[in-house]
Amino acid sequence: MAKTRELCKEIRDNILDMHKAGMDYRTIGKQLGENATTVGAVIRKWKKFKMAVNLPRSGAPCKISPRGASMIMRKVRDQPRTTRQDLFNDLKRAGTTVSKKTISNTLRRHGLKSCSGPKVPLLKPAHVQARLKFANDHLDDPEEEWEKVMWSDETKRAFWS
C-alpha cells in the first residue's frame, strides 16, 4: 500500500462535523475534496476510538538528521558528480556513521536518483602521442581533404550539444 499524506486536524474535524450533521461519505468527500474512502476511514476511526488524531508511526528513527540531509543535498547540488563514498566520508567527519544505502535513500527521498556517466575509452600515452603526431602531420591539409575523411569515433549521440 502506498504512503499517503495525513489529513490536518481542521479537515478531520470538518469531516466529523458534517457526519454528525447527517451527510453521507460521498457528499462530505466532494465538499472537502477528499475521497469517500478517506472520509470513511476518519469516521470509522472516530466511532471505534472516539478520537481522530494522528498517532505517531512505528519504525526506527532516521539516522541522518535534517541538518545532515541538507548538507548532503547542498554538496550534490554544488558538485553533481559526487559519489556516495564522498558523502559517506563527509558525514563521518561530521560525526554521523551511516551506510551508503542510507545515503541513497536520503537522496531519493529528496527527489534525486543516481546515474552513471557515458562510458568512454581511456587513452593510453601511446594513443595521445599518435594523435598528436597525426595532427601535426596534417596541420596544413586543405579543407577539401578533411571532407573526405570518415572519423572512426563519430557517433549519433551528441554529448556536447
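Asp13 and Lys9 lie four residues apart in helix α1 (residues 9-20), so that about one helical turn separates them. In this predicted model, their side chains meet in a salt bridge, with an N to O distance of 3.1 Å. The two partners differ in solvent exposure: Asp13 counts as partly exposed, at 31% relative accessibility, whereas Lys9 counts as exposed, at 54%.

A second intrahelical pair occurs in helix α5 (residues 84-93), where Asp90 and Arg93 are three residues apart, about one turn of the helix. A salt bridge links Asp90 with Arg93, and the closest N and O atoms are 2.3 Å apart. Asp90 is buried, because its relative accessible area of 16% falls under the 20% cut-off. Arg93, by contrast, is exposed, with a relative accessible area of 65%.

A further salt bridge is formed between Lys148 and Glu145, with 3.6 Å between the closest N and O atoms. Lys148 is exposed, at a relative accessible area of 65%, while Glu145 counts as partly exposed, at 39% relative accessibility. Beyond the individual pairs, Lys75, Asp90 and Arg93 are joined into one network by salt bridges that share partners. The count of salt bridges comes to five.

Charged side chains also gather outside these pairings. A patch of positive charge on the surface comprises Arg84, Lys100, Lys101 and Arg108. Helix α6 (residues 100-109) gives the most to this positive patch, contributing three residues. Lys101 has its place in helix α6. Membership of the patch requires over 30% relative accessible area and no salt bridge, so Arg84, Lys100, Lys101 and Arg108 each meet both conditions.

At the level of the whole chain, the secondary structure comprises eight helices and zero strands. Read along the sequence, the pattern is α-α-α-α-α-α-α-α. The radius of gyration of the chain is 30 Å, well over the 15 Å that the globule rule gives for 161 residues, so the chain is more spread out than a compact globule. Along its principal axes, the C-alpha trace spans about 90 × 45 × 25 Å. Buried residues make up 19% of the 161 residues in the chain; Asp90 is one of the buried residues.

Methods
Residues numbered from 1 in each chain as written. Predicted model: local features only at pLDDT ≥ 70, side-chain atom pairs only at ≥ 80, totals over all residues. Heavy atoms only, no water. Patch = residues over 30% accessible without salt bridge, like charges linked within 9 Å, V, L, I, M, F, W, Y side chains within 5 Å. Areas by Shrake-Rupley, 256 points an atom, 1.4 Å probe, with all protein chains shown as cover. Salt bridge = Lys/Arg side-chain N within 4 Å of Asp/Glu carboxyl O. Lys, Arg positive; Asp, Glu negative; His and termini not counted. Charge placed at Lys NZ, Arg CZ, Asp CG, Glu CD. Helix = DSSP H or I, 4+ residues; strand = E, 2+ residues; numbered from the N terminus. Rg over C-alpha atoms; globule rule 2.2 N^0.38 Å. Buried < 20%, exposed > 50% of the residue type's maximum accessible area, 1.4 Å probe, protein only.
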